[in-house]
Amino acid sequence: MNQPPIVVENLNTHYGDRHILKNVSLAVEPGEIFIIMGGSGSGKTTLLNHLLGLLVPTSGTIRILGQDIHAIPALERRKLRTRMGVAFQSGALFSSMSVGDNIALPLREHSNLDETTIGIVTRLKLEVVSLAGFESLMPSELSGGMIKRAALARAIVMDPRLLFCDEPSAGLDPVVASSIDDLILRLRDAMGMSIVVVTHDLESAFKIADRICVLDRGEVLALDTVDAIRRSDNERIQNLLNRRTEEAEIDPDAYLRRLMGEKERSSRFGPDARKGL
Amino acid sequence: MPHRLPPLLERVGRAAVGGVAELGFAASLLGQSLYWLALGRARGQPVRLAPIFAQGMDIGIAALPIITVLAATIGLMLAIQGIYTLKTFGAESRVTLGVALSTVREFSPLITGILVAGRSGSALAARLGTMRINQEIDALTVMGIAPVRFLVVPPLVAMAVLMPLLTLWADLVSLAAAGLYIAAELQTGFAAYADEVLSLLKLNDLMHGLAKSAIFAVLVTIVGVVNGASVSGGAEGVGRMTTRSVVQAISAIVVTDMIFVFMVTR
Amino acid sequence: MTVDIREQGGSVVVGLEGEIDLQHSPAVRKALMDLMFERRDVVVEMSGVAYIDSSGVASLVEAYQMARRNGSRFVLAAVSAPALRVLQLARLDKVFALAATVEAGLRG
C-alpha cells in the first residue's frame with residue numbers, strides 16, 4: 001500500500017537511431033499528483049507510453065504497483081492494467097459505441113457484476129465528471145471538453161489505484177480546462193489514487209501538482225515540488241516557466257536567402273514575371 | 001553505412017524484409033486468434049457471441065442482394081458461352097456439365113470471395129486503421145482487453161462461417177440462372193436440367209468450392225486486419241491501406257485458388 | 001469483507017465491514033436486495049468499511065431506490081470517513097438518508 005506505485009530506473013529508449021529518453025529515473029508516491037512537463041519533443045509522450053507498457057525500452061526497468069511491467073507474463077500484465085486507468089489526449093473513445101457503453105466496457109469485460117449495477121456505476125461516473133444524461137450519445141456528438149470528461153469517466157470506472165492523464169486540458173478553453181483540473185483534484189482526494197498528468201500547461205501544472213518532473217530533450221531536468229520548481233534558477237527551466245523560446249543566432253544573409261527561396265523561383269514570381277501579366 | 005548498396009538492390013531488400021515481416025505479423029494474428037478462441041474463456045476473456053452476430057449480419061445478410069445479382073449474371077454468362085463454344089462440335093447438350101462444375105468449383109467461391117473482400121475486408125481495414133490513429137487500440141490495451149480477441153476474432157469467425165454459406169447460395173442462384181437459359185435455348189425443360197445437375201455434381205465438387213471459400217474468408221480477414229493495423233499518417237493513410245487491403249486480398253484469393261486447385265486436382 | 005445481519009427493534013441492521021470491492025459487492029447487493037424484497041426497514045452500519053468502490057456504492061443506490069418504491073426505510077448509519085468521501089464525490093451524501101449512529105438510524 002505504501003510502496004511507490006511507479007518506480008522508473010535508468011530508462012533509456014530509442015526511436016530508430018535517435019536516443020529519445022536518456023537515463024530517466026523517477027518514483028511516484030502514493031496519493032500524489034505527479035506532473036510530467038516539457039515542451040514538444042521533450043519525450044514526455046514517449047515516457048507516458050513507456051509507463052503504460054505500450055513501448056518496450058532499450059534498457060531500464062519500470063515497476064507499476066510493485067510489478068515490473070515488462071517482466072511479468074501477459075496474463076498478469078492484463079490484470080495489472082485493470083488497476084490503472086488512462087485518459088488519452090484525444091479521448092480515444094470507441095466511436096462505434098455510445099458514451100455509456102464506452103464507460104461500461106471495462107466493467108463488462110473484467111467483472112461479473114449485474115447489468116443493473118454496471119448501469120448505476122456508469123451513470124455515477126458520468127455524474128462525477130458532470131456529464132449526467134449523456135450516456136446514450138455517440139462520441140461524435142460530444143464537444144472536445146465533453147470527450148475529455150467522458151474519457152476520464154471511462155478511466156476511473158474500475159476505481160483504479162493509478163490514473164494517467166495525457167494533456168487533460170490541451171485544446172480546451174480556460175474555464176473548461178480549469179474545471180478538469182478541479183476534477184482531477186477531487187478524484188485524488190476522494191479515491192486516494194495516485195495521478196500522473198502529462199502536460200505542457202504551466203498554469204494547470206502549478207495548480208494541481210504535488211511534484212513536477214521537467215523533461216527536456218529526453219532528460220530529467222528537474223524533479224521537485226511546485227515551489228522548488230518555481231524558485232529554480234536553472235535557465236532552461238526559467239525559459240520554460242516564462243514561455244521564452246530559446247533563440248538561435250540569426251545569420252541575416254542566410255535568413256534572407258531562405259525567405260526569397262531559390263533563385264529561379266524568385267525570378268519567376270519576382271518583378272520580371274509580373275511584367276508579362 | 002560505409003558501403004552503400006545500389007539503390008535498386010536496397011529497395012528490393014527493404015521490400016522483401018517488409019513483406020516477410022508482414023507475413024509474420026499475419027501468421028501471429030492468426031495464431032493469437034485461435035488462442036483466444038480456444039482459451040479465452042479460461043483466461044477470463046471470452047470471445048463473445050453478440051459481436052460475432054453483428055459482424056455476421058454485416059458480412060453475410062447485407063451482402064446477399066449483390067451476391068444474388070452477380071451469381072445469376074455469372075450463371076447466365078457461363079451458359080451463353082458454354083453453348084456458343086460447344087456448338088462448334090455440335091455438343092451443346094453437354095453444356096450442363098461444364099456449367100455445373102465450373103460454377104460450383106470455381107466461379108461461386110471466387111466471386112463471393114472477391115465481393116466480400118471488397119465490401120467487408122476493406123471495411124475492416126478502414127475501421128481498424130481509424131481506431132489505430134485515434135489511439136482506440138492503445139485504449140483497449142491499457143484497459144487490459146486483448147485487441148486481437150476484441151477486434152479480430154469476431155470478424156474472423158463471422159467471415160469463416162458466412163463465406164461458405166454465401167458461396168452455397170451463389171451456387172444455387174448461379175446454377176438456377178444458367179438452367180433457365182439452357183432450358184430455354186435447348187428446349188429441354190428446367191426439370192431435366194436440374195436432374196442432370198444433381199446427377200453430375202458430386203459432394204466432392206461442392207466441398208472443393210466451400211473449402212476454398214473458408215480459406216478465402218481467413219485470407220480476407222487477416223489481410224484486412226494487417227493493413228488496418230499498419231496504418232500511419234492520418235486519414236490519408238487509412239484510405240491508402242484500405243485500397244491496399246482490397247488489392248492484396250483479391251490477389252491472395254486468386255493465387256491461393258490456383259495453388260489449391262493444383263494441389264487438390266492432380 | 002463481512003456482511004452481518006441482525007434484528008434490532010423491528011428493523012434489520014446490516015453491518016458491513018472491510019473492503020467492498022468488485023469481488024465482494026455482489027454479495028452485499030444480494031443481501032440488501034433480499035431484505036428489500038421482504039420489504040424490511042434496513043439500517044446499514046458502515047463504521048467498519050475501510051474501502052468501498054463504485055460497485056459497492058451502486059449496490060447501496062439500487063437498494064435505496066427499491067426501499068423508496070416500497071415505502072420502507074433505508075438508512076446508512078455511522079458511515080466511515082473513507083466511505084463518506086466516496087459518497088461525496090458523486091454528491092450521494094445529499095441523496096441517502098444518513099444517521100450518525102445505528103441507534104439514531106433505528107429511531108429515524
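So, the C-alpha centres of domain 1 of chain A and domain 2 of chain A lie 27 Å apart. Keep in mind as I go that this is a predicted model. The split of chain A goes like this: domain 1 takes residues 6-83 plus 160-275, and domain 2 takes 97-157.

How do those two parts meet? Ten residues of domain 1 are in contact with eight residues of domain 2 in chain A. On the domain 1 side of that contact, α6(A) gives the most, with four residues. And if you sort that side by class, you get eight nonpolar residues, two polar ones and no charged ones.

Let's go into the strands of chain A for a minute. Strand β1, residues 6-15, runs antiparallel to strand β2, residues 18-28, and seven bridges join the two. β1(A) also has β4(A), residues 59-64, as an antiparallel partner, this time through five bridges. Ile6(A) is a handy residue to click on here. Its bridge partner in β2(A) is Val28(A), and in β4(A) it stands opposite Ile64(A). Then look at the turn: β1(A) and β2(A) make a hairpin with two residues between them. Gly16(A) sits in that turn, with a positive phi of about 65 degrees. One textbook reminder while you have strands on screen: in a regular strand, side chains alternate between the two faces of the sheet.

Now over to helix α3 of chain A, residues 99-110. Is it covered or open? Mostly covered, with ten of its twelve residues buried. Among the buried ones are Val99(A), Ile103(A), Leu105(A) and Leu107(A), and the list also includes Asn102(A), Glu109(A) and His110(A). What do they pack against? The buried residues of α3(A) go up against α4, residues 115-128, and α5, residues 144-155, of chain A.

You can see some of that from Ala153(A). Leaving out residues up to four places away in sequence, Ala153(A) touches Ile103(A), Lys125(A), Leu126(A), Val128(A), Val129(A) and Leu131(A). Ala153(A) comes up again in the largest nonpolar core, which has 179 residues. Along with Ile35(A) and Cys213(A), Ala153(A) is one of the residues with the most contacts inside that core. Which helix gives the most to the core? That's α6 of chain B, residues 147-186, with 18 residues. Chain A is in there too: both domain 1 and domain 2 of chain A put in at least three residues each.

On to chain B. Here we have nine helices and zero strands, so to speak a straight run of α from one end of the pattern to the other. Its C-alpha trace spans about 70 × 50 × 35 Å along the principal axes. Of the 266 residues in chain B, 41% are buried. And taking the contacts in chain B with a separation of 6 or more, 84% are between residues 24 or more positions apart.

The helix I'd pull up in chain B is α1, residues 7-39. With 33 residues at 1.5 Å a residue, α1(B) should span 48 Å, and its end C-alpha atoms are 47 Å apart, so the two agree. Is α1(B) buried or in the open? Just two of its 33 residues are buried, so the helix lies largely in the open. Put that next to α3(A), where ten of twelve are buried.

Last topic, how the chains touch. Two pairs of chains are in contact, and the pair with the most contacts is A and C. There, 15 residues of chain A meet 16 residues of chain C. On the chain A side, α4 and α6, residues 174-191, each supply at least two residues, and the largest share, eight residues, comes from α4(A). By class, that side of chain A has seven nonpolar, three polar and five charged residues.

Chains A and B also touch, with 15 residues from chain A and eleven from chain B. The chain B side of that contact breaks down into four nonpolar, four polar and three charged residues.

And what about chains B and C? No contact joins them, and their closest C-alpha atoms lie 14 Å apart.

Definitions and conventions: Residues numbered from 1 in each chain as written. Chains lettered and ligands numbered in written order. Predicted model: local features only at pLDDT ≥ 70, side-chain atom pairs only at ≥ 80, totals over all residues. Buried ≥ 20, exposed ≤ 12 C-beta atoms within 10 Å, placed from the backbone. Contact = placed C-beta atoms within 7 Å. Nonpolar A, V, L, I, M, F, W, Y, C, P; charged D, E, K, R; others polar. Expected span 1.5 Å × (residues − 1). Core = buried A, V, L, I, M, F, W, Y, C linked by C-beta atoms within 7 Å. Domains from an automatic or database assignment. Pairing = 2+ DSSP bridges.
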